[in-house]
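Thanks for coming, everyone. Let me put the structure up, and then we'll walk through it.

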Amino acid sequence: MYVLTNVASGDELHKEAVMDELFPTLPGGPQSIVIKFLQSNESQLRTAAAWTLVNLTLPNSSGSFGRAVKLRRAGIISQLKNMMNDPCLDVKVN
């Protein structure tokens with residue numbers, strides 16, 4: 001997850017590659033690994049997953065709106081809202 005976090009901090013090509021890896025466009029496919037990591041008992045996985053999402057949706061990035069729409073459709077936004085009371089401060093700060 002840390003590798004994807006770092007790649008997602010790159011340019012648009014990098015961000016789209018991470019999106020393709022995390023959210024393949026298979027209809028009826030399995031739940032995204034990001035949701036599993038956001039729900040993990042390991043705070044480091046939750047933190048890395050949250051930072052990946054932050055990097056993918058930075059406002060200064062030209063494709064961030066489209067990625068945010070795709071994240072919403074994948075159920076990521078509702079999962080992030082559930083994490084508002086996460087016991088790990090690093091997760092809440094993201």
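Start with one pair: helix 2 passes helix 4 in a left-handed crossing. By class, that contact has four nonpolar, two polar and one charged residues. Before I go further, a reminder: this is a predicted model.

Where are these two helices? Helix 2 covers residues 12-22, and helix 4 covers residues 43-56. Their axes are 10 Å apart. The packing angle is about 130°. Angles over 145 degrees would count as roughly antiparallel, and 65 to 115 as roughly perpendicular. This pair falls in neither range, so helix 2 and helix 4 are oblique to each other.

Which residues meet? From helix 2, we have K15, V18, M19 and L22. From helix 4, the partners are T52, N55 and L56.

Now keep helix 2 and swap the partner. Helix 5 spans residues 64-73. Its axis and that of helix 2 come within 12 Å. They cross at roughly 10°. Under 35 degrees counts as roughly parallel, and helix 2 and helix 5 are therefore roughly parallel to each other.

On the helix 2 side, the contact uses E12, K15, E16 and M19. On the helix 5 side, look for R67, K70 and L71. What is the mix by class? Two nonpolar, no polar and five charged residues. Note K15 and M19: helix 2 uses them against helix 4, and they also appear in the contact with helix 5.

Next, a single residue. L45 sits in helix 4. Is L45 buried or exposed? Neither label fits, because its relative accessible area is 27%, which makes L45 partly exposed. Leaving aside residues up to four places away in sequence, L45 touches M1, F37 and S40. Y2 is worth finding too. Y2 and L45 are 43 residues apart in sequence, yet 8.4 Å apart in space, C-alpha to C-alpha.

Let's zoom out. How many helices and strands are there? The protein has seven helices and zero strands. Along the sequence, the pattern reads α-α-α-α-α-α-α.

On to overall shape. The C-alpha trace spans about 35 × 30 × 20 Å along its principal axes. For 94 residues, a compact globule would have a radius of gyration near 12 Å, and the protein agrees, at 12 Å. Of those 94 residues, 35% are buried.

Last item: contacts across the sequence. Take contacts between residues at least 6 apart in sequence. Of these, 61% join residues at least 24 apart.

Key:
Residues are numbered from 1 along each chain as its sequence is written. This is a predicted model: local features need pLDDT of at least 70, side-chain atom pairs count only at pLDDT 80 or more; totals for chains, interfaces and linings use all residues. Side-chain values use heavy atoms; hydrogens and water are left out. Axes are lines fitted to C-alpha atoms, for helices over the stretch in contact, and angles run from 0 to 180 degrees between N-to-C directions. Helices (H or I, at least four residues) and strands (E, at least two) are DSSP runs, numbered from the N terminus. A crossing is left-handed if the near helix is turned anticlockwise from the far one by less than a right angle, and right-handed if clockwise. Contact means heavy atoms within 4.5 Å. Ala, Val, Leu, Ile, Met, Phe, Trp, Tyr, Cys and Pro count as nonpolar, Asp, Glu, Lys and Arg as charged, and the others, Gly among them, as polar. The radius of gyration is taken over C-alpha atoms; the globule rule is 2.2 Å times the number of residues to the power 0.38. Buried means under 20% relative accessible area, exposed over 50%, partly exposed in between (1.4 Å probe, protein chains only).
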